[in-house]
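Hi,

Here is the structure I promised to pass on. Have a look at it first, and my notes follow underneath.

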Amino acid sequence: MAEVNDAVERGDKEAAHTANSRFHDEIIQLSGNNLLAQTLDPLVGRLSWLRRKVEDFDLIHREHQALADAILAGKPERAEEEARAHVRASRARTLAFLRE
């Protein structure tokens, strides 16, 4: 989260996208779900490309912060809710981009 914040404050979009990807990678690792990691591994490049098309870092930051807060508070049900909400919102943003 700090990396994204620092990059956005500097106006460094590339660093912000890289930090965003690292956040997603960290969540996958923290899940301890090897099947999830193996399933997403071949998709990471495509997902990264799509993530880089959406640059509303304030919105993404709020979604990520809510997820991180739930994880750090040890509230898995809340983390699941936040993750699902983030996936749905990201899907909507991505579909809107692809329809442009």
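**Pockets first, then helices**

The lining of the largest pocket takes its largest share from H6, which gives 11 residues. Keep in mind as you read that this is a predicted model.

So what else is around that pocket? Its volume comes to about 860 Å³, and 28 residues line it. If you want to find the middle of the largest pocket on screen, pick His24, Arg51, Ala83, His86 and Val87, which lie nearest its centre. Besides H6 (76-99), the helices that each supply at least two residues of this lining are H2, H3 (34-40), H4 (44-51) and H5 (57-72). By class, the lining of the largest pocket splits into 16 nonpolar, seven polar and five charged residues.

Next, the second largest pocket, with a volume of about 260 Å³. Its lining is made up of 14 residues, and those nearest the centre are Met1, Arg22, Phe23, Glu26 and Ile27. H1, H2 and H5 are the elements that give two or more residues here. Which helix gives the largest share of this second lining? That would be H2, with seven residues. The class split for the second largest pocket is 10 nonpolar and four charged, with no polar residues.

On to the packing of H1 and H2. How do H1 (residues 2-10) and H2 (residues 13-31) cross? Their axes come within 8 Å and cross at roughly 165°. Angles over 145 degrees count as roughly antiparallel, so H1 is roughly antiparallel to H2. The crossing of H1 past H2 is left-handed. On the H1 side, the contact is made by Glu3, Val4, Ala7, Val8 and Arg10, and on the H2 side by Ala15, Ala16, Ala19, Asn20 and Arg22. Sorted by class, the residues of this contact are six nonpolar, one polar and three charged. Arg22 is worth clicking on, as this residue of H2 is part of the contact with H1 and is also among the residues nearest the centre of the second largest pocket.

One last residue to look at is Leu40, which sits in helix H3. Leaving aside residues up to four places away in sequence, Leu40 touches Ile28 and Leu47. Between the C-alpha atoms of Leu40 and Lys53 there are 19 Å, and the two residues are 13 apart along the chain.

That's it from me. Shout if anything is unclear.

Cheers

Notes. Residues numbered from 1 in each chain as written. Predicted model: local features only at pLDDT ≥ 70, side-chain atom pairs only at ≥ 80, totals over all residues. Heavy atoms only, no water. Axes fitted to C-alpha atoms, helices over the stretch in contact; angles between N-to-C directions. Helix = DSSP H or I, 4+ residues; strand = E, 2+ residues; numbered from the N terminus. Parallel < 35°, antiparallel > 145°, perpendicular 65-115°, else oblique. Left-handed = near helix turned anticlockwise from the far one by under 90°. Contact = heavy atoms within 4.5 Å. Nonpolar A, V, L, I, M, F, W, Y, C, P; charged D, E, K, R; others polar. 1 Å grid on protein atoms, 1.4 Å probe; cavity = no way out; pocket = protein on both sides within 12 Å on 5 of 7 lines; lining within 4 Å. Points joined across faces, edges and corners; volume = space filled by probe spheres on them.
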